[in-house]
Amino acid sequence: MSDLVTGDAVVLELQPARLPSRALAVLIDLVVVWAAYLLVTLGLAVATASLDEAAVMAVSIASFLLILVGAPIAVETLSHGRSLGKLACGLRVVRDDGGPIRFRHALVRGAMGVVEILMTFGVVACVASLVSERGRRLGDVFAGTLVVRERIPAARVLAVPPPPPWLVGRFAGLDLSAVPESLWLEIRQYLTRARELDPAVGRRLAERLADELVARTGTPPPPGVPADAYLAGVVAERQTREARRAFGSAGVTGMPGVAGVSGAVGAVGMPAPGFAPPVAPSPVAPPAAAPVVASPVAGGQQATAPATGFAPPA
């Protein structure tokens, strides 16, 4: 990273573009510009066939200056330092103070580019970029500009390993207000890379970080708790508090790696308030058969009829 100081004394950390990416951007720009120059030259050759040799030479020189020199200058001025090749490679030309370039910066860069890129086939520009600490060519030095990277790949974020289950909730009353962010960053980096360290080196580093954490909080770890487990438990408690402030209790219980630490459940194995266990459906008894009574019918025969409380007439 390069520290650029703006006019307001603000330090900007920018990553200068190196020779490979800059060479690729220039190659893309040259292919586009030369293709356009050849097309225009062919068109002018047909259009100026009836002119004399001096007029043809003047038109050729004008087309060379306008397309190979003037077009890159105009593109960098209008796009604030992002030509087609730089846009494809994620690069941008800025001033030494980090601001956008103007016409005079693009003019000096374009004029020097004719000498160190077109006339010497890029040899002078490559040598100057290799010698320069920030990868600048002569055009950048005279114009007071710098080519920086706009697209920087994001670093891979490693998850902090969870603490042992028997330490969950042990640091709920710990005062973490006096712990600085720099110490939290060191502890997080240690926890994410503890398996890559030598066991002896990792143990000494964990003990040192644990001592600094105890000095900030004023509370020693529980007896028999290793330093790495103590650090993991305290970091998990801090993450739980931050998640509770940001999302509330509902968001904390739904976050992976935080559930069980947020205190949403009162006791281990007990359901949360408002939760009712499902009740098994009770078996439904079949309806009892209605009793039947005998009713007289013609012929002295007996017929069965359901007992409805109604007596037929005699």
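A residue counts as buried here when its relative accessible area is under 20%. That cut-off comes up again and again in the views below, all taken from a predicted model.

**View 1. His-105, tucked away in helix α4.** His-105 sits in helix α4, which covers residues 103-119. Its relative accessible area is just 4%, so His-105 goes down as buried. Who keeps it company? Leaving out residues up to four places away in sequence, His-105 touches Arg-95, Ala-143 and Thr-145. Arg-95 is a residue of strand β3, and we'll meet it again in View 3.

**View 2. The protein as a whole.** Let's zoom out for a moment. The protein has 9 helices and 6 strands. Of its 314 residues, 30% are buried. Take the contacts between residues at least 6 apart in sequence: 61% of them join residues at least 24 apart. The accessible surface adds up to about 20,100 Å², and carbon and sulfur atoms account for 66% of that.

**View 3. Strand β3, wrapped up by its surroundings.** How many of the residues in strand β3 (residues 91-95) are buried? The count is 5 of the 5, so the strand is largely enclosed by the rest of the structure. Leu-91, Val-93 and Arg-95 point one way from β3, while Arg-92 and Val-94 point the other way. Next to it runs strand β4 (residues 145-149), antiparallel to β3 and joined to it by 5 bridges. To find your place in the pairing, look for Val-93, which stands opposite Val-147 of β4.

**View 4. A little space beside Leu-91.** Searching the whole structure turns up 2 cavities of 30 Å³ or more. This view shows the second largest cavity, which holds about 30 Å³ of space. Its lining is made up of Arg-22, Ala-25, Val-26, Lys-86 and Leu-91. Which helix gives the most to that lining? It's helix α1 (residues 19-47), with 3 residues. Sorted by class, the lining has 3 nonpolar and 2 charged residues, and no polar ones. Leu-91 also belongs to the buried strand of View 3, where it points the same way as Val-93 and Arg-95.

**View 5. Ala-125 and its contacts.** Now we move to helix α5 (residues 123-131), where Ala-125 is found. Its relative accessibility is 11%, so Ala-125 counts as buried. Setting aside neighbours within four places in sequence, Ala-125 is in contact with Glu-116, Ile-117 and Arg-137. Gly-139 comes 14 residues away along the chain, and the C-alpha atoms of Ala-125 and Gly-139 are 8.5 Å apart.

**View 6. Two loop residues with a positive phi.** Most residues other than glycine have a negative phi. His-80 has a positive one, about 60 degrees, although it is not a glycine. Look for His-80 in the loop between α2 (53-78) and α3 (84-89). With a relative accessible area of 38%, His-80 is partly exposed. Phe-121 is another case: its phi is positive too, near 55 degrees. Phe-121 lies in the loop between α4 and α5. Is Phe-121 buried or exposed? Its relative accessibility is 76%, so Phe-121 counts as exposed.

Key: Residues numbered from 1 in each chain as written. Predicted model: local features only at pLDDT ≥ 70, side-chain atom pairs only at ≥ 80, totals over all residues. Heavy atoms only, no water. Helix = DSSP H or I, 4+ residues; strand = E, 2+ residues; numbered from the N terminus. Buried < 20%, exposed > 50% of the residue type's maximum accessible area, 1.4 Å probe, protein only. Contact = heavy atoms within 4.5 Å. Areas by Shrake-Rupley, 256 points an atom, 1.4 Å probe, with all protein chains shown as cover. Pairing = 2+ DSSP bridges. 1 Å grid on protein atoms, 1.4 Å probe; cavity = no way out; pocket = protein on both sides within 12 Å on 5 of 7 lines; lining within 4 Å. Points joined across faces, edges and corners; volume = space filled by probe spheres on them. Nonpolar A, V, L, I, M, F, W, Y, C, P; charged D, E, K, R; others polar.
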